[in-house]
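Hi,

Here is the structure I promised to pass on to you. Have a look at it first, and then read on for what turned up when I went through it.

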Amino acid sequence: MSTVEEAPDFLEVLSDGSVKRFVPGVVPASPESTNGFKSKDVIIDSSKPITGRIFLPGNPTSLSKLPVVVYFHGGGFCIGSTTWPGYHHFLGGFSVASQSIVISVDYRLAPENRLPIAYEDCYCTLDWLGHQVSSEPWLDQADLSRVFLSGDSAGGNISHNVAVKVIRKKISHVKISGLLLIHPYFGSEKRTEKEMAEEGAGDVASIDMFWRLSIPEGSNRDYFGCNFENTQLSATEWIDEFPAVAVYVAGLDFLKERGVMYAEFLQKKGVKEVKLVEAEKESHVFHVFHPESEATRLLERNMTEFIRSH
C-alpha cells in the first residue's frame, strides 16, 4: 500500500483511500472543576456522528446569563479534535477568562467527509443548542441572544460559512452577535504575492494538499468554501445582517496574508464592524501549541474584550 498524501506526524492517506491520523494525545472531560473550569462531552447528532465538549467556568463570577461561544477546531478540515490537549486547555481557560459557556464541536473530517459536510455539521450545532438549552443543566445560564462563532485555521473558515448559512436561513432561535476568527484558512486559484515567492513553496504545497483532500471532488480553490469572494450574500445582507467580526492574525503565520485579505474584503462589503488584530512575533495557531503562553493570554483578553462589547 503506497502513501498518496501526507502531513508528517498528523495525517497519511493511502492508495486504497484509507486514512491514518496520528493523535497527539487526548484529554478526558472533567465535570469537576480543574484549573478553574469544568468540561463535559455531549452528543450533538448520534446519526452522523457529531459530538462536542462544553466548557464552563468552575465558579462563574455572575449568576446571570452567560454568552455562548461555539468553537470549531482547525486542522485543514482533515485532522483535529476538541479532545486534543491544546484545544482542551485553551478553551477551558478561555471560558474562565471570558466568563462564557464554550461549546467546541467535533465535526466529521475530510477526506472521508468532504465539504460542505463540516459546515452542515457545525450549523447543526446551533439547532442542537436551541433545543438543548431548556433541558441540559450545563446550559442553564446560556444566553442565546449572545452567541459567538469562533475557530482557528479551518475552524475560522467554518465560522464564516456557518454565519453565512445562518443569514440565508433566517434562523431566529439563536442570535449571532459576532465572529472571532483566529488565523483563518482561505484560498483561491489566484496566488497571492507571498504564495508565488520561492521561499513559500513548502507552505503552499501543504496548504494545497489539505484543499485537495477537503473540497468536493471536481472543485478547485475557487469553491465558495475556499474562496470567500464567492460567498453568496446580497449587498443588504452584508451591510445589515452580517455580524461584527474580529480577525486575529499572527505575524509569522504563512496564512496571515489571507486573513488580512478577508478583513479587507468584509470592510469593502460594508460589514458593520471589522477588527483586525495581529500577534506580531507568533506562529500559526500558537494558542493551541502554547495554551499557557503570554501571547495566548493576550489573545484571550482581546477576545474577551470583543465579546463583552457585543
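Helix α5 provides the largest share of the lining of the largest cavity, with 3 residues. That is a statement about a predicted model, so let me add the confidence right away, because pLDDT is the predictor's own score for each residue. The chain has a mean pLDDT of 96, and 100% of its residues reach 70 or more. Among the elements, β9 has the highest mean, 99, and α4 the lowest, 94.

Back to the empty space. The structure holds 1 cavity of 30 Å³ or more, and the largest cavity encloses about 40 Å³. Its lining is made up of F186, G187, S188, R191, E195, I207, D208, W211, R221 and R258.

Several of those names come up again among the charged pairs. R191, D208 and R221 belong, together with E189, to a network of salt bridges. Within it, R191 pairs with D208, and their closest N and O atoms are 2.6 Å apart. This pair ties together distant parts of the chain: R191 sits in the loop between β9 (176–182) and α4 (193–196), D208 lies in helix α5, and 17 residues separate them in sequence. How accessible are R191 and D208, buried or partly exposed? R191 is partly exposed, since its relative accessible area is 27%, whereas D208, at 11%, is buried because it falls under the 20% cut-off.

Helix α5 (residues 201–214) also takes part in a second long-range link, in which R212 of this helix meets E5 of strand β1 (residues 3–7), 207 residues apart. The closest N and O atoms of R212 and E5 are 3.0 Å apart, and the two form a salt bridge. R212 is partly exposed at 45% relative accessible area, while E5 is buried at 16%.

A further salt bridge joins E294 and R301, with 3.1 Å between the closest N and O atoms. Here E294 is exposed, because its 53% relative accessibility is over the 50% cut-off, and R301 is partly exposed at 45%. The count of salt bridges for the whole structure comes to 18.

Now for the open space, which may be what you want to look at next. The largest pocket has a volume of about 780 Å³. Which residues lie nearest the centre of the largest pocket? They are F10, F210, H284, V285 and F289, out of 30 that line it. Helix α5 turns up here too, giving the most to this lining with 4 residues. At least two lining residues each come from β1, α1 (85–98), α5 and α8 (286–289).

H284 and V285 lead on to S153, since both are on its contact list. S153 is placed in the loop between β8 (142–152) and α3 (154–169). With a relative accessible area of 7%, S153 is buried, because that value is under 20%. Leaving aside neighbours within four places in sequence, the other residues in contact with S153 are G74, I182, H183, P184, Y185 and L255.

As for the nonpolar interior, the largest core has 99 residues, and L129, F242 and Y262 touch the most other members. Not counting residues up to four places away in sequence, L129 touches V68, V70, I103, L139, L144, V147 and V174. In soluble globular proteins, nonpolar side chains tend to be buried together.

One last residue to look up is F265, which is found in helix α7 (residues 256–269). F265 is buried, because its relative accessibility of 11% lies under 20%. Apart from neighbours within four places in sequence, F265 is in contact with F228, E229 and W238. If you want a distance to check your viewer with, the C-alpha atoms of F265 and G130 are separated by 31 Å, and these residues are 135 apart along the chain.

Happy browsing, and do write back with any questions.

Best wishes

Technical notes: Residues are numbered from 1 along each chain as its sequence is written. This is a predicted model: local features need pLDDT of at least 70, side-chain atom pairs count only at pLDDT 80 or more; totals for chains, interfaces and linings use all residues. Side-chain values use heavy atoms; hydrogens and water are left out. A salt bridge is a side-chain nitrogen of Lys or Arg within 4 Å of a carboxyl oxygen of Asp or Glu. Buried means under 20% relative accessible area, exposed over 50%, partly exposed in between (1.4 Å probe, protein chains only). Contact means heavy atoms within 4.5 Å. A nonpolar core is a set of buried Ala, Val, Leu, Ile, Met, Phe, Trp, Tyr and Cys residues joined through side-chain atoms within 4.5 Å. pLDDT is the predictor's confidence in each residue, from 0 to 100. On a 1 Å grid over the protein atoms alone, a cavity is a set of points where a 1.4 Å probe fits but cannot get out, and a pocket is an open set with protein on both sides within 12 Å along at least five of seven lines; lining residues have an atom within 4 Å of a point. Grid points are joined across faces, edges and corners, and a volume is the space filled by probe spheres set on the points.
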